[in-house]
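Please work through the exercises below with the sequence and the structure at hand. Each task is followed by a solution in steps.

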Amino acid sequence: MTQRLSFKEMCERFDVTPRTLRYYEYIELLSPEREGRSRFYGPREFARMTLILRGRKFGFPLEEIRQWLQIYEHEGTEAQMRDWIVRADRQLKELEEQRRQIEDTIRELKELRDETVGTLG
């Protein structure tokens, strides 16, 4: 992508609210170019937003995403990829635990529902 996106175009392209985009700027995940009161997002911000939203989809907190993006800025791609593997492994364990808890809760709820149906006869 070589073009720049306006604030509105960035919100539309990534299906985020203006409030979300402003917040990502506020916590320094994004740094658009400014021309007067207008903001423009180039290839760097486009790539960062893609990674931010992917990270959020996988359940990473914004602070971890910020730290991970900073690794690229300070140490480069290889260091960022190595860190990503560690973070992904940890997140996979967390998601597996959440799935186990959800499956247990579903099983308990079904049992209680079935007992209630049996009581009604």
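The exercises that follow concern a predicted model and go from the whole chain to single residues.

**Exercise 1. Elements along the chain**

Task: State how many helices and strands the protein chain has, and in what order the elements run.

Solution. Step 1: The count gives five helices and three strands in the protein chain. Step 2: Read from the N terminus, the elements follow the order β-α-α-β-β-α-α-α.

**Exercise 2. Overall dimensions**

Task: Set the radius of gyration of the protein chain against that of a compact globule of 121 residues.

Solution. Step 1: For a compact globule of 121 residues, a radius of gyration near 14 Å would be expected. Step 2: The protein chain has 21 Å instead. Step 3: The span of the C-alpha trace along its principal axes is about 70 × 35 × 25 Å.

**Exercise 3. Surface, burial, contacts and charge**

Task: Describe the protein chain by its exposed area, its buried share, its contacts and its charges.

Solution. Step 1: About 9,100 Å² of the protein chain is exposed, and 52% of this area comes from carbon and sulfur atoms. Step 2: Buried residues make up 28% of the 121 residues. Step 3: Consider the contacts between residues at least 6 apart in sequence; 51% of them join residues at least 24 apart. Step 4: The protein chain carries 23 positive and 24 negative charges, and the mean positions of the two groups lie 5 Å apart.

**Exercise 4. The sheet**

Task: Give the strand order of the sheet and explain why one side of β1 and of β2 is left without a neighbour in the sheet.

Solution. Step 1: The three strands form an open sheet in the order β1-β3-β2, and their pairing is antiparallel. Step 2: β1 (5-6) and β2 (33-35) stand at the edges with a single partner strand each, so one side of each has no neighbour in the sheet. Step 3: In general, strands of a sheet pair through backbone hydrogen bonds. Step 4: Between β1 and β3 (residues 38-41), which run antiparallel, there are two bridges. Step 5: Opposite Ser6 stands Phe40 in β3.

**Exercise 5. Two buried residues**

Task: Locate Gln91 and Arg48, and justify why each counts as buried.

Solution. Step 1: Gln91 belongs to helix α5 (residues 77-120). Step 2: Buried means under 20% relative accessible area. Gln91 has a relative accessibility of 12% and therefore counts as buried. Step 3: Apart from neighbours within four places in sequence, Gln91 is in contact with Phe58, Gly59 and Phe60. Step 4: Arg48 lies in helix α3 (residues 43-57). Its relative accessible area is 8%, so Arg48 is buried. Step 5: Arg48 touches Glu28, Leu29, Leu30, Leu69 and Glu73, residues up to four places away in sequence not being counted.

**Exercise 6. Two residues of helix α5**

Task: Classify Arg100 and Glu94 by accessibility, and give a C-alpha separation for each.

Solution. Step 1: Helix α5 holds Arg100, and Glu94 is also found in helix α5. Step 2: Partly exposed covers the range between under 20% and over 50%. Arg100 has a relative accessible area of 40% and is therefore partly exposed. Glu94, at 40% relative accessibility, likewise counts as partly exposed. Step 3: Arg100 and Thr20 are 80 residues apart along the chain, and their C-alpha atoms are separated by 31 Å. Step 4: Glu94 and Trp84 are 10 residues apart along the chain, with 15 Å between their C-alpha atoms.

Conventions. Residues numbered from 1 in each chain as written. Predicted model: local features only at pLDDT ≥ 70, side-chain atom pairs only at ≥ 80, totals over all residues. Heavy atoms only, no water. Helix = DSSP H or I, 4+ residues; strand = E, 2+ residues; numbered from the N terminus. Buried < 20%, exposed > 50% of the residue type's maximum accessible area, 1.4 Å probe, protein only. Contact = heavy atoms within 4.5 Å. Pairing = 2+ DSSP bridges. Rg over C-alpha atoms; globule rule 2.2 N^0.38 Å. Areas by Shrake-Rupley, 256 points an atom, 1.4 Å probe, with all protein chains shown as cover. Lys, Arg positive; Asp, Glu negative; His and termini not counted. Charge placed at Lys NZ, Arg CZ, Asp CG, Glu CD.
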